[in-house]
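Reader: Please take a close look at a single helix here. I would like to know how it sits against its surroundings.

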Amino acid sequence: MSSPTISAARSSRTMPTIKPRTHRLKTQADRLAPWLAFVVLLLVWEAACRLLTLPSFVLPSPSAILAATQKVGLGAWAEHIFATLRVTLMGYGLSILIGIPLAIALASSRLMSRTLYPLLVIVQSTPIVAVAPIIVVVMGAGDLPRVFITFLIAFFPIVVSCVTGLLATPEELVELSRSLGASKAREYRNIRLPYAIPHLFSALRISITLAVIGAVVAEFVAAEKGLGYFINFSTSMFQVPQAFAALMMLVVISLLLFHLIGLLQKVCFPWSLPKAGH
């Protein structure tokens, strides 16, 4: 019979090996859970379409969507994806170039904030779908109205989050910099902007998905190519599986761009991530 001290020693040796193994299993389960849920959803979707004999123009099955994807062809998909991606990135870049300086101006001037902020809220509250045809008529054909519509949808979160981050800087740091004779530009560059980086990247991740939506809305109104145009054309011809295939392409593009912004933050500003993000 072993003594209690020997049993305790044996248990203390086995516990460290059990805990890392349990932690690994939990980590793998956390990583696989979204993929398993997605596979289950596809299987249930496929089974429901087959058992209920739903026509493809009402709800196409995943297998029908895959067949429609292959039927369109790689060249056509590349042309439509490139058109949507070009408008998305141009509108997104414009929202960054205008949104960040505008946020700095709003944070540095109370008068400008009181003057411009209500106008920004009015612009954001206006339904872009209703205004889009007017924008196309005013600006004409081409990429310009589509980029402008994308900009209108994507820029507001950048402005609001950047202003919030700039104003969230600890006041004692601002007072210390002023007591040391730091200029306004140096105060924003070295103190306020670093504190605003987490807020800014949160807005950038949201805005990149909104930019994709803006590009699609613009293509619904006036376009000759692009995934939004392709969805509109496919539904008008009752080719619903093709429309679903284009929708899946949009989802993939949005997810890739969303994670790309997160990767950019992780590479360039790792200190701005929460502890769980390292």
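Author: What follows deals with helix α9 and then with two of the helices around it.

The model is predicted, so local features need pLDDT (the predictor's confidence in each residue, from 0 to 100) of at least 70 and side-chain atom pairs 80 or more, while totals for chains, interfaces and linings use all residues. Residues are numbered from 1 along each chain as its sequence is written, and side-chain values use heavy atoms, without hydrogens or water. The protein chain averages a pLDDT of 85, and 90% of the residues score at least 70.

Helix α9 spans residues 227-236; helices here are DSSP runs (H or I, at least four residues), numbered from the N terminus. Its buried residues (under 20% relative accessible area, 1.4 Å probe, protein chains only) are L227, G228, F230, I231 and S234. They line one face of α9, because down its axis they fall within an arc of 160 degrees, taken from the directions from the helix axis to the C-beta atoms. Among the elements covering them are α2 (62-72), α3 (74-108), α8 (184-221) and α10 (240-268). After α9 comes F238, with a positive phi near 60 degrees.

Of these neighbours, α3 and α8 also pack on each other, at about 145 degrees with axes 8 Å apart; axes are lines fitted to C-alpha atoms over the stretch in contact, and angles run from 0 to 180 degrees between N-to-C directions. Contacts (heavy atoms within 4.5 Å) involve residues including Y92, I96 and I100 of α3, and L200, L204 and I208 of α8.

Methods
Buried < 20%, exposed > 50% of the residue type's maximum accessible area, 1.4 Å probe, protein only. Helix = DSSP H or I, 4+ residues; strand = E, 2+ residues; numbered from the N terminus.
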